[in-house]
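Please examine the sequence and the three-dimensional model shown here before reading on. The account that follows is meant to be read beside them.

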Amino acid sequence: MAVSQIQFNFWIFFSNALCALALNFSIFLVIGRTGAVTIRVAGVLKDWILIALSTVVFPESTITGLNIIGYAIALCGVVMYNYIKVRDVRASQLPSESIQERITKDWKLEKRSSDLFTPSNSSASV
């Protein structure tokens, strides 16, 4: 390609830069809220989608059996990672004491606070 054929279009350059900025900002937010591994898993999913679309758009490209086995192993890894992560999050959200113990403790606290209440002598002022 000759240098004279290259044309600089400011709007294409600007829109590309804006998309790159938005992508970096969204990655920053995702890593901040979830973690770096989630971005890696999302990258794997993006690759799968690109491969699937490329086989549709370019039918001359073929996926071999070895490719399918590799994708299946990667899929199993993603599913296992998500399962373990959800299980750990649920385990960390469980309270350390049972609900019955919490109800008993709350009831005892309410009883103690009501024992401290002394009604004013409203009958004397009537």
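The paragraphs below go from the overall fold to helix 1, then to charged pairs, cysteines and one residue of helix 3.

This is a predicted model, in which local features need pLDDT of at least 70 and side-chain atom pairs count only at pLDDT 80 or more, whereas totals for chains, interfaces and linings use all residues. Residues are numbered from 1 along each chain as its sequence is written, and side-chain values use heavy atoms, with hydrogens and water left out.

The protein chain contains five helices and zero strands, and along the sequence the pattern reads α-α-α-α-α. Helices (H or I, at least four residues) and strands (E, at least two) are DSSP runs, numbered from the N terminus. Of the 126 residues in the protein chain, 3% are buried; buried means under 20% relative accessible area, exposed over 50%, and partly exposed in between, with a 1.4 Å probe and protein chains only. The accessible surface of the protein chain is about 11,400 Å², and carbon and sulfur atoms account for 68% of that surface. Such areas come from the Shrake-Rupley method with a 1.4 Å probe, and for residues only the protein chains shown count as cover.

Helix 1 covers residues 10–33. How many of its 24 residues are buried? The number is zero, so helix 1 lies largely in the open. The span of helix 1 agrees with expectation, because its 24 residues at 1.5 Å a residue should cover 34 Å and its end C-alpha atoms are 35 Å apart. The expected span is 1.5 Å times one less than the number of residues in the helix. At the N-terminal end, N9 acts as a cap for helix 1, with a side-chain oxygen 3.1 Å from the backbone nitrogen of W11. Just after helix 1, G35 adopts a positive phi of about 155 degrees.

W11 recurs in a nonpolar surface patch of about 860 Å², made by F8, F10, W11, F13, F14, L18 and L21. Patches consist of residues with over 30% relative accessible area and no salt bridge, like charges being joined within 9 Å and nonpolar side chains (Val, Leu, Ile, Met, Phe, Trp, Tyr) within 5 Å. One of the patch residues, F14, lies in helix 1 and is partly exposed, with a relative accessible area of 41%.

The charged side chains come next. Side chains of opposite charge can pair when their charged atoms come close. Across the whole structure, a search finds two salt bridges, each being a side-chain nitrogen of Lys or Arg within 4 Å of a carboxyl oxygen of Asp or Glu. One links D47 with K46, with the closest N and O atoms 3.7 Å apart. D47 is partly exposed at 37% relative accessible area, and K46 is partly exposed at 47%. The other joins R87 to D88, where the closest N and O atoms are 4.0 Å apart. Here R87 is partly exposed at 43%, and D88 is partly exposed at 44%.

What does a search for disulfides find? There are zero in the whole structure, a disulfide being a pair of cysteine sulfur atoms within 2.5 Å. C19 is exposed, with a relative accessible area of 55%, and C76 counts as exposed at 53%.

Finally, A74 sits in helix 3, which comprises residues 65–93. A74 is partly exposed, at 28% relative accessible area. In sequence A74 and W48 are 26 residues apart, and in space their C-alpha atoms are 9.9 Å apart.

Notes:
A polar contact is a pair of N or O atoms within 3.5 Å; within protein, one must be able to donate a hydrogen and the other to accept it, and residues adjacent in sequence count only if both atoms are side-chain atoms.
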